[in-house]
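Hi,

I am passing a structure on to you, together with some notes on what turned up in it. Please have a look at it first and then read on.

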Amino acid sequence: MKTKISILSLAAVVLMLSGCGNSEMEKRLANLERRVNQLENGNVARSTVTPSTTASSQPVESNISSGASFQWESTVHNFGTIQQGEVVNYTFKFTNNGTDDLQIQSTSASCGCTVPNHTKEAIPPGGTGEIVVRFDSKGKSGQQSPVITVVANTNPKQVRLSLRGFVQTNAVPQP
């Protein structure tokens, strides 16, 4: 079982790092993440809503056992095209639509170029919180797809947020 989880996790990381930005790859990645979450959480059902960049979509991570759950305004943000060296910030906002206080235990990013900072206080039912993410494009070029992993007292314990965008370089072609 651990081997299967490791293999699926490795496959998900490889797909994340490729970051080619095509929709078929994103669908495969979402499917792999769903399978890994099911394996990690004992086949607990999770919302199958695909993350979207539109403000009207509201993917919900349901929490059956602890009573705390996220309702995100968006789980994916496309920062568009930026110049290499620019720093962009985005705030992922959520509401605790559960019945117990929601406590974020940790946030981490898939690369050092991305730094998440989360609400430290417990979020009461109906309360709101946020995760501010800073992406530094120094030394980056091309399509970028950093992933932020949020660990909280929800079920499943982990939620993945994504940034998407393209870093343009000012390099002058060599003759």
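Strand β4 gives three residues to the lining of the second largest cavity, the largest share. That cavity holds about 30 Å³ of space, and its lining is made up of H77, F79, V88, N89, Y90, V133 and L163. Two elements, β3 and β4, give two or more residues to this lining. By character, the lining has five nonpolar residues, two polar and no charged (nonpolar means Ala, Val, Leu, Ile, Met, Phe, Trp, Tyr, Cys and Pro; charged means Asp, Glu, Lys and Arg; the others, Gly among them, are polar). A cavity here is a set of points on a 1 Å grid over the protein atoms alone where a 1.4 Å probe fits but cannot get out, and a lining residue has an atom within 4 Å of a point. Points are joined across faces, edges and corners, and the volume is the space filled by probe spheres set on them. The count comes to two cavities of 30 Å³ or more.

Before going further, a word on the model. It is a predicted one, in which local features need pLDDT of at least 70 and side-chain atom pairs count only at pLDDT 80 or more, while totals for chains, interfaces and linings use all residues. Numbering runs from 1 along each chain as its sequence is written, and side-chain values use heavy atoms, with hydrogens and water left out. The chain has a mean pLDDT (the predictor's confidence in each residue, from 0 to 100) of 78, and 59% of its residues reach 70 or more. Please take care with residues 43-65, where pLDDT stays under 50 although the model has 47 contacts there beyond four places in sequence. Where pLDDT is low, the predicted coordinates should not be read in detail.

Now the overall fold. The chain has two helices and ten strands (DSSP runs numbered from the N terminus, H or I of at least four residues for helices and E of at least two for strands), in the order α-α-β-β-β-β-β-β-β-β-β-β. Of its 175 residues, 39% are buried (under 20% relative accessible area with a 1.4 Å probe, protein chains only; exposed is over 50%, and partly exposed lies in between). Among contacts (heavy atoms within 4.5 Å) between residues at least 6 apart in sequence, 62% join residues at least 24 apart.

The largest nonpolar core has 22 residues, of which F70 and I131 touch the most other members. Such a core is a set of buried Ala, Val, Leu, Ile, Met, Phe, Trp, Tyr and Cys residues joined through side-chain atoms within 4.5 Å. Strand β10 (158-168) is among the elements giving it two or more residues, and the largest share, four residues, comes from β10. Beyond four places in sequence, I131 touches residues including W72, F94, I104, V150 and L161.

Two buried residues are worth a look. T114 lies in strand β6 (residues 114-118) and counts as buried because its relative accessibility is 4%. Its contacts beyond four places in sequence include V133, I148 and L163; the C-alpha atoms of T114 and L163 are 9.3 Å apart, with their positions 49 residues apart along the chain. A152, in strand β9, is buried with a relative accessible area of 0%. F70, L102 and K157 are among the residues that A152 contacts beyond four places in sequence, and its C-alpha is 7.0 Å from that of S106, 46 residues away in sequence.

Best wishes

Note on methods
On a 1 Å grid over the protein atoms alone, a cavity is a set of points where a 1.4 Å probe fits but cannot get out, and a pocket is an open set with protein on both sides within 12 Å along at least five of seven lines; lining residues have an atom within 4 Å of a point.
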